[in-house]
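Okay, thanks for making time, everyone. I'd like to walk through one model today, so have a look at it first and then we'll go piece by piece.

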Amino acid sequence: MPARPDAAAVSAPPGRTVLDPPDITRALTRIAHEILERNKGAADLVLLGIPTRGVPLATRIAAKIAAVEGAEVPVGSLDVTMYRDDLRMRPARTLLHTDIPPGGIDDKVVVLVDDVLFSGRTIRAALDAMNDVGRPSVVQLAVLVDRGHRQLPIRADFVGKNLPTSLVESVRVRLAEFDDVDAVTIADGPTDGTTDGTTEGER
Amino acid sequence: MRRHLLSAADLTRSDAELILETAEELRSLADRPIKKLPALRGRTIVNLFFEDSTRTRISFEAAAKRLSADVINFSAKGSSLSKGESLKDTALTLEAMGADAVVVRHWASGAPHLLANAGWSRSSVINAGDGTHEHPTQALLDAFTMWRHLGDLDGRRVAIVGDVLHSRVARSNALLLKTLGAEVTLVGPPTLLPYGVEGWDVATSYDLDAVLPKADVVMMLRVQRERMNAAFFPTVREYSRRYGLNGRRMAALQDHTLVMHPGPMNRGMEITADVADSERSVIVEQVTNGVAVRMAVLYLLLGGSEPAHAEDVPGSAGARAGGEQ
């Protein structure tokens, strides 16, 4: 399990804090248990994080599964950039890292992991991306925060926190692996893009 | 990035690094069962080849197809180009076909530049080798191959050996490697180093044996006898004795030094078979990397509403790619 910095030692991120570091740890622990319960163990499980922040979340969940079940669950990362439906609407975007575990995903139970579930378009892209990699027997979705406002018929199987939001608000997830601190905050107005570690979840 | 890729000098350091990092991600596609990505679905890419080429054309074609683009191959033999159609009329035809990008190889230096800037068409132009001028994607794949083996190229010493005069590969490599911070030394007989080479801001040498022990990369160039209309060296035997890479010279290299060749090789002339097939030769890998690098170029130029902005790269991307060596 990654070391957590002392939250008090780091300046509080702007906006209202919805989840603090212990909350995030508890949410991930619960998700790990729910994944094991739903799938009756860790056999055939593969966790695929969606970059950037879905990947450390997947790694943390895998560590918790290992602690509970004593089983090593393969963790990978799945970049969905080329499968986004708004690819042509903005300048060409930098690709993020794709890393499929050596065992592949054919006939496995794949749990996609992302930080924020919003419109559902990222998850649609992830399902398409997975189609080009292999054919899992089951696909499930775990997210740290579900902020609502779905634009596609997609739902999460495991949710850390349901967070009712308005469309003008922005949700930010910070993780120690990238941002030196674990926090989920909510702020009025769109993301300004200047704050480090900003994630507007799904776009 | 600019809309066209005509010269290795068009690329800033962050552009070049973005291409290398993107190529690193795309390289893993070769190991997947389905070698296809949807990024350029519905885009049309024309391969316009006025000069014979096998590996570059096939490499561009594979790259475009793996990104789901529609590819039209247009080569001089067996088309109206051999009936004397002008470059302008060809460009107008391509424009009417709705080409999003034109990959052009031409025997005349500067032809891609004309195609891009004469206002005949709106497509992106990618130079796939023009005369003795430039071949930027070859330089990118060479740099990518070095970067994968050696990491950051800052301060690395690269010797480019042989027929520099006729080599577009050498010119593009010198420009790009300098952008990436490497130190380039051009080695060859005085007759085969170009006029005005002082302006390239690279070192030159006539003595291969003095350069080899310090080099991190030795890139051998093909002696382009088809472009030679005069006697540049007395005999093949003398050339290969002074400037050929053989087993004895290879023994003088450092352990990590790479041997490269853009192909096609004249085995026994600039490089002996035992060197070309040795452990340190990355010549076959250069071909594999060529597809990944060309995919990266096509994606970054055509994948969005406009070419990628290299400045947008998050710092973590560089650190990540560097850590995957």
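Let me start with a small one: where is the place of Pro264(B)? This is a predicted model, by the way, so keep that in mind throughout. Pro264(B) sits in the loop between β9 (258-260) and α10 (273-276) of chain B. What I like about that spot is the peptide bond joining Gly263(B) to Pro264(B), which is cis, with omega at about -10 degrees.

There's a cis bond in chain A too. Going from Pro51(A) to Thr52(A), the peptide is cis, and omega there is near 0 degrees. Thr52(A) belongs to the loop between β2 and α2 of chain A.

That loop gives us a way into the neighbourhood, so let's look at the strand before it and the helix after it.

On the strand side, take Gly49(A), which is part of strand β2 of chain A. Is it buried or exposed? Buried: Gly49(A) has 27 other C-beta atoms within 10 Å, and the cut-off for buried is 20 or more. Who's around it? If we skip neighbours within four places in sequence, Gly49(A) is in contact with Gly54(A), Val55(A), Leu57(A), Ala58(A), Val75(A), Ser77(A) and Val113(A). There's also a long hop in sequence here: Asp115(A) is 66 residues away along the chain, yet its C-alpha is separated from that of Gly49(A) by 9.1 Å.

Now the helix side. Helix α2 of chain A runs over residues 54-69, so that's 16 residues. From first C-alpha to last, α2(A) reaches 22 Å, close to the 22 Å expected at 1.5 Å a residue. Which of its residues are buried? The list is Gly54(A), Val55(A), Pro56(A), Leu57(A), Ala58(A), Arg60(A), Ile61(A), Ala62(A), Lys64(A) and Ile65(A). Yes, an arginine and a lysine are in there: Arg60(A) and Lys64(A) count as buried. The cover over those buried residues includes α1 (21-38), β2 (45-49), β3 (75-77), β4 (109-117), β5 (138-146) and α4 (176-179) of chain A. Right after α2(A) comes Gly70(A), with a positive phi near 70 degrees.

Speaking of positive phi, two residues in chain A have it although neither is a glycine. One is Lys40(A), at about 55 degrees, in the loop between α1 and β2 of chain A. The other is Asp107(A), at about 60 degrees, in the loop between β3 and β4 of chain A. Lys40(A) counts as exposed, with 7 C-beta neighbours inside 10 Å, and Asp107(A) counts as exposed with 11.

One more stop in chain A: strand β7, residues 169-174. Five of its six residues are buried, so β7(A) is largely enclosed by the rest of the structure. Its partner is strand β8 (residues 183-188) of chain A, and the two pair in the antiparallel sense over six bridges. As an example, Ser170(A) has Ala187(A) as its bridge partner in β8(A).

Over to chain B. The domain assignment gives domain 1 (8-134 + 286-310) and domain 2 (136-285) of chain B. Their centres, taken over C-alpha atoms, are 25 Å apart. In the contact between them, 25 residues of domain 1 of chain B meet 25 residues of domain 2 of chain B. On the domain 1 side, the elements giving two or more residues are α1 (13-27), β4 (124-130) and α11 of chain B. The largest share of that side, eight residues, comes from α11(B). By type, that side divides into 11 nonpolar, nine polar and five charged residues.

Helix α11 of chain B comes back when we look at the largest nonpolar core. That core has 150 residues, and the members touching the most others are Leu47(A), Ile61(A), Ala143(B), Ile160(B), Val218(B) and Leu298(B). Which helix gives the most to it? That's α11(B), residues 283-302, with 12 residues. Domain 1 and domain 2 of chain B both give residues to this core, so it lies between them. Zooming in on Ala143(B), and not counting residues up to four places away in sequence, it touches Leu20(B), Leu153(B), Leu176(B), Leu177(B) and Leu180(B).

Last thing, the two chains together. Their contact takes 15 residues from chain A and 23 from chain B. The chain A side divides into eight nonpolar, three polar and four charged residues.

That's my tour, thanks.

Note on methods
Residues are numbered from 1 along each chain as its sequence is written. Chains are lettered from A and ligands numbered from 1 in the order in which they are written. This is a predicted model: local features need pLDDT of at least 70, side-chain atom pairs count only at pLDDT 80 or more; totals for chains, interfaces and linings use all residues. A nonpolar core is a set of buried Ala, Val, Leu, Ile, Met, Phe, Trp, Tyr and Cys residues joined through C-beta atoms within 7 Å. A residue is buried if 20 or more other C-beta atoms lie within 10 Å of its own, exposed if 12 or fewer, and partly exposed in between; C-beta atoms are placed from the backbone. Helices (H or I, at least four residues) and strands (E, at least two) are DSSP runs, numbered from the N terminus. Domain bounds come from an automatic or database domain assignment. Two residues are in contact if their C-beta atoms, placed from the backbone, lie within 7 Å. Two strands pair if DSSP finds at least two bridges between them. The expected span of a helix is 1.5 Å times one less than its number of residues. Ala, Val, Leu, Ile, Met, Phe, Trp, Tyr, Cys and Pro count as nonpolar, Asp, Glu, Lys and Arg as charged, and the others, Gly among them, as polar.
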